[in-house]
Structure formats: C-alpha cells, structure tokens
Amino acid sequence: MRAVGYKKSLPVEALDALIDFEAAKPEPKGRDIRVAVKAISANPVDYKVRKRAAPPEGEFKILGYDAAGVVDAVGPEVTLFKPGDEVFYAGSIQRQGTNSEFHLVDERIVGAKPKTLSFAQAAALPLTSLTAWELLFERLGAVPGKSVDPRTLLVVGGAGGVGSIMIQLARRLTELTVVATASRPESQKWCIDLGAHAVIDHAQPLKVQIEKLKFPPLALVASLTNTDQYYKALADIMAPQGRYGLIDDPSEFNVSVFKGKSISIHWESMFTRSSFQTPDMIGQHNLLNDVADLVDKGVLKTTLGESFGTINAANLKRAHALLESGKSRGKIVLEGW
C-alpha cells in the first residue's frame, strides 16, 4: 500500500523530511478495524512528532491522526462496525498513523462518519472535536444543555482547529459568553462567523480589551496556543475560582500565579484514553457519534479551512510548513491517493 512517512527527524525544508513509500497492508486483530483511508487532515501534533520522535534505524514512521474512510476488514472481536461502514476518527499516538492507504485503529475510538459531509469535510473534525469537547466539558466543567451560565469563556487561538470547534460547542450547547482571540482580520471574521460573541487581538494587551467588553466574569480560559506568552496576563484578569485549561507545550509555565485566586489548572490530551487503554476508552466512540449527529442536524459545521490536494509527501510537507508558521485557519485536509 502507499504511505507517507519519515526515517529521520528533519526540518520540513529537508528533501527527506517526509517520504512516499510502499508498506505492507496491515491485518486487523482483536478489536481493530482496517480502514481504507479516503481523506486525512494535518494537525500540529504531526509536525511536533516529526521533529522530535525519530523511528528506529532503517524503519519508517507514519504520521497522521485524523482520517475518514471506509471499513475494509475487521478483527475477530469487533462488534461496532462491519466492512463497508463509513467512519471518521483520530487514531492513537502509540501506533502508525493515518497517512497510508489502509490503517488499523481500535473500534472504540472510531465514530460513524456524518452522513451530510464528504470524506474531506469529515476528516477535518475528529481530533479537534474530541479535544475541544473533552477540554470544554470534561476539564473546564462547562455544562451542555443551554442552562443559564453567567460566565465568560476565552478561547486563545480561536481560528485554529480546536478553537474553531470549541467556539461552536460553547455557543450552541451552552449559555456561556464566548470570546476568542485572533490577530488577522480574516481570522477574526472566521471566529465571529463560527459564533464568538466578540474577538480580541492577542497581539495587543489583553486586559484592556477584556475590560472594554463589559462581559460577565472571565471564569474559563481555553489556552490552545502560545500559553507561555499569555498565561500570566490571563491569571491577572481571570475571575477568582476560575478554570484554566491548556493543550500545548509551554516552554515556561509557573502555576503559582494562579494560586491567589484558587484557579485550577487542567491539561487536555485526546490521546490519553487510547494511550493508556482507559476503562472509558469507548467514550471517544460515543463522543464522535454525538458530533456526527450534531453535524447532521446542522448544529455544528466542518472546520475545513484549506484543501492541499492528494495525500503524498510533497503536499504533506506543505501542510506541515503552514502549521509550523502558525498562520493556518481551520483544518488542512488532503484527499485521495
């Protein structure tokens, strides 16, 4: 089968940063399903792994975590899917990735593809939907159901993949006041179109912009990018007993700045369930099915930002370069072989 991978951790500009190669078609065992991959999307985790996780000498590592495709074969213990089912999912960071024609994935982290979306549109959603949902509802404690909630949520990096989903979830499933950060005009418009009540510029001082809005207390913060740059300023303007959640890898993060206000800190990684085979691992299957249902009902929409053509090394290198620049909006999707 065709696949894209790498043998050495190299800068994206290097000729062999990503390589097209042929690999053996994997056979499903246990609860694995084999998916004929139709579309993938690129995420920051892809380039982060590429830059710091070299495979064993002489071997290829295949990246990619988002995929949409068709079940091709199933393992003997599979009960949730059958060949021919259309699915979407974010795979495990412990296994080979989705940048291949066929991919093995545990059925417990796979959902039924939204019926109203193409494979490309669906591939934009899994990783960011799981991350946004878990961070918003399971870590930060927001309550879905449109009950009265006199608090403000700030989404730092609102135009990125996770932010694009979180804005929608918070606006459509809760009564939180939703503020996003974005610096470029096109990114600010993107956030407003997704449902943010207001957008502030993270390139400018945050406190004066938040105070000008005269919104309810800033009780929840989803820090999705550049946490080390903003967390001290946010600790200063957050309401006492708030919740601060983050998903990135800050080079410096001193939690003591939150102590005086008893602000709790919450890490989110959507790979936790699959990496540790947690008892609630099937929760991601259920969550993706809920996301698909919300999409098909028109509550959520795909966050596909740009299509980069077919799945190959050259196009994936372009995707990695854009993600590394920090200037992507929504999700970068590749489709077909």
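**Helix packing and burial in the predicted model**

In this predicted model, helix H3 contacts helix H4 through Thr128, Ser129, Thr131, Ala132, Trp133, Leu135, Leu136 and Phe137 on the H3 side, and through Gly161, Val162, Ile165, Met166, Leu169, Ala170 and Leu173 on the H4 side. The residues of this contact comprise 11 nonpolar and four polar ones, with no charged residue. Two packed helices are described by the angle between their axes and the distance between the axes. For H3 (residues 126–139) and H4 (residues 161–173), the axes come within 8 Å and cross at roughly 50 degrees. An angle from 35 to 65 degrees falls outside the ranges for roughly parallel and roughly perpendicular axes, and H3 and H4 are therefore oblique to each other. The crossing of the two helices, H3 and H4, is right-handed.

Helix H7 spans residues 227–237, and its buried residues are Thr227, Tyr230, Tyr231, Leu234, Ala235 and Ile237. Viewed down the axis of H7, these buried residues fall within an arc of 155 degrees, so they line one face of the helix. The elements covering the buried residues of H7 include helix H6 (206–213) and three strands, S9 (152–156), S12 (218–223) and S13 (243–246).

Ala321 is located in helix H10, which runs over residues 313–325. The relative accessibility of Ala321 is 36%, and the residue therefore counts as partly exposed, a class that lies between the limits of 20% and 50%. Ala321 is separated from Ala203 by 118 residues in sequence, and the C-alpha atoms of Ala321 and Ala203 are 22 Å apart in space.

Terms used
Residues numbered from 1 in each chain as written. Predicted model: local features only at pLDDT ≥ 70, side-chain atom pairs only at ≥ 80, totals over all residues. Heavy atoms only, no water. Buried < 20%, exposed > 50% of the residue type's maximum accessible area, 1.4 Å probe, protein only. Helix = DSSP H or I, 4+ residues; strand = E, 2+ residues; numbered from the N terminus. Arc of directions from axis to C-beta. Contact = heavy atoms within 4.5 Å. Axes fitted to C-alpha atoms, helices over the stretch in contact; angles between N-to-C directions. Parallel < 35°, antiparallel > 145°, perpendicular 65-115°, else oblique. Left-handed = near helix turned anticlockwise from the far one by under 90°. Nonpolar A, V, L, I, M, F, W, Y, C, P; charged D, E, K, R; others polar.
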